[in-house]
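Thanks for making time this morning. I would like to walk you through one chain of a model, beginning with its overall build and ending with the places where its parts meet.

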Amino acid sequence: MNPTVNDASRRDVANLTGVRHRYGRHQVLAGIDLTVRRGECVVLFGANGSGKSTLLSLLSTRYTIREGSYHLDGLDVRHHGQEARERLLFVGHHTHLYGHLTSMENLRFYGDLHGLTLSEARLRQALDTVGLAKAADKPVQWFSAGMRKRLALARMLLSNPLLLLLDEPYSALDSQGVHWLNAMLNDYLDQGGAVIMASHDPERVAALDHRPHQLARGILIPIDAGEPETA
Amino acid sequence: MLKAIYRIAWKDVAGDLRRRATLSSMLFFAISVLVVFQAAFEPDRKEALRLLPGLLWATSLFTTLVGLGRVFQAEEEDGAFEGLLLASVPRGVIFFGKWLGNLLLTLLVEFLILPLTMVLFNVDAWQQIPMILAILTLGTLGLTGLGTLLAAMTRGARSRETLLALLLLPLTAPLLISGVQAVAATLVEDGAISPWLKLLVIFDLVYLAITPWAFGWLVEE
C-alpha cells in the first residue's frame, strides 16, 4: 500500500491545507484550506486577480505547491504528480486544442496522452453529446470559441475524471450551451465526481448544487458561513 | 508511453506536412545555402570533395536551427503546451515526443539535400551515400536532442531564434566536429571513420541521457 494514502484522506477527493503561493514578493494565496468530497461542487468567486486561476493551476499540478499540502484521492500530489494528473481534468481559459487537428484527432491525442483506449464510436459519441457530431472531421482552427469550449469539455466524457477543474466554464457558451453544460455537470456530480470551478456568474452556477466560496486577500471564505473554512 | 511518444511526434509531423510550414522553410533554407556556396566558390571536383563534409554539416546545422525555432510553435496556440504538461505521462515522454517529431523532419531534409549537394557540386561519391546518411543520422540524434531542450528553454524569450543559436552552436561544437571528420574520413581511401563514429555515439548518449531529465526540471513552475 502506498504510504502516502490513508483512510481519512481516501474519503475526500481533494484536500488542501495551508496552501500559500506567491509571485515574487506578491502573496496571492495566504493559506488556503479546502476539502472537496465526491459529488460536491465548490465554486470560487472573487475579483479579478484574487487568485482563483492560480488556485486552479495549483490544483491541476501545473504549478508546484511549495507551502502547504495537497492530497488528491489520498495521494500527496507533491510526490505523485503524474498519478494525480490521471485523476483530474482541467479546462481553463485555454482549451489546449491544436488548430491543425480535427475534433476527432484532438480527442484521440488527448486519449493517447492519458493512457485511454478509445474506439472511434466512443469518440464520435462524445462529440455527439457535446453537439459537435457534424464537426467531427473538421480542423479545430475554424471553430468558434464556444465550439472549442465544448470540445475541451468533451474530454471529461472520455476520461471520467475524479476531479474536474473549471476556470470560467460558461464564458463563450450561448444559453443552450450553458444549459447543456449544467446538465452534464449535474450528471457528473450524481455519479460521484467532484468539481472545483472559478466563476463570475452566480446566476449560471445557480443550476448546480454547489458550495460557494469567496477568494479575497488570499483567503478562501465559505459564503454561507461568512468565515474562512478550516480543514 | 511509446504510444504517447509516437502520438506527440505524429501530431508535429502531420501538422507540419498539412501546414507546409517548417519543412518547406527548412528545405528552402538548405537549398539557398547550397546554391550560395556553389556560386561563391565554384569548386572543382577535388575541392568539392574537400568542402563537402563542412558544407553538409553547416547546411544541416542551419536547417536544424530553422526547425528548432518552430518546434514549440504549435504548442503556443491556445495553451497547448500547458495541456501537454497536464497529461498523465512522465515529462520525459513529452520531451521524446517533441524530439522525435523534430528529428524526423530534420532527417527528411538532410536525406533530400545530400543527393542535391552531390549533383550541385559534381561530387562523385555515390557509393558512400549510405555511410554519409548514417553519420548524418547519428549526428542529428544528438543535435536535435540538445536543440529540443534549448528550444523549450527559450520558448518564451522575445528573441528566441538568436538565443537558441547562441546556446546551441558552442554546446554542439564537439559533435559537429566529429560529424565533419567522420564524413571527411568516409570520402578518402583508408580514412579512419571508427573513432569519429564512437565519439558521435558517446555525444548522442550523453545528450539524450541528460536532456529528458533537464526538460522535466525546466518545465516545473
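**Chain B, from the whole to its contacts**

In this model, which I should say at once is a predicted one, 45% of the 221 residues of chain B count as buried. Along its principal axes the C-alpha trace of chain B spans about 55 × 35 × 30 Å, and its radius of gyration is 18 Å, which agrees with the value near 17 Å that a compact globule with 221 residues would have.

As for secondary structure, chain B has 8 helices and 0 strands. If we take the contacts within chain B between residues at least 6 apart in sequence, 81% of them join residues at least 24 apart.

Let me turn to one helix pair. Helix H6 of chain B, residues 129-153, packs with helix H7 of chain B, residues 160-187, at an angle of about 170°, and their axes are 10 Å apart. Angles over 145 degrees count as roughly antiparallel, and H6(B) and H7(B) are therefore roughly antiparallel to each other. Among the residues that meet here are Ile135(B), Gly139(B) and Leu143(B) from H6(B), and Leu168(B), Leu171(B) and Gly179(B) from H7(B). What classes of residue make up the contact of H6(B) with H7(B)? There are 14 nonpolar and 6 polar residues, with no charged ones.

Finally, the contact between the chains takes 22 residues from chain B and 22 residues from chain A. On the side of chain B that touches chain A, H1(B) gives the most, with 7 residues, and the residues of that side divide into 10 charged, 8 nonpolar and 4 polar.

Key: Residues numbered from 1 in each chain as written. Chains lettered and ligands numbered in written order. Predicted model: local features only at pLDDT ≥ 70, side-chain atom pairs only at ≥ 80, totals over all residues. Contact = placed C-beta atoms within 7 Å. Helix = DSSP H or I, 4+ residues; strand = E, 2+ residues; numbered from the N terminus. Nonpolar A, V, L, I, M, F, W, Y, C, P; charged D, E, K, R; others polar. Axes fitted to C-alpha atoms, helices over the stretch in contact; angles between N-to-C directions. Parallel < 35°, antiparallel > 145°, perpendicular 65-115°, else oblique. Rg over C-alpha atoms; globule rule 2.2 N^0.38 Å. Buried ≥ 20, exposed ≤ 12 C-beta atoms within 10 Å, placed from the backbone.
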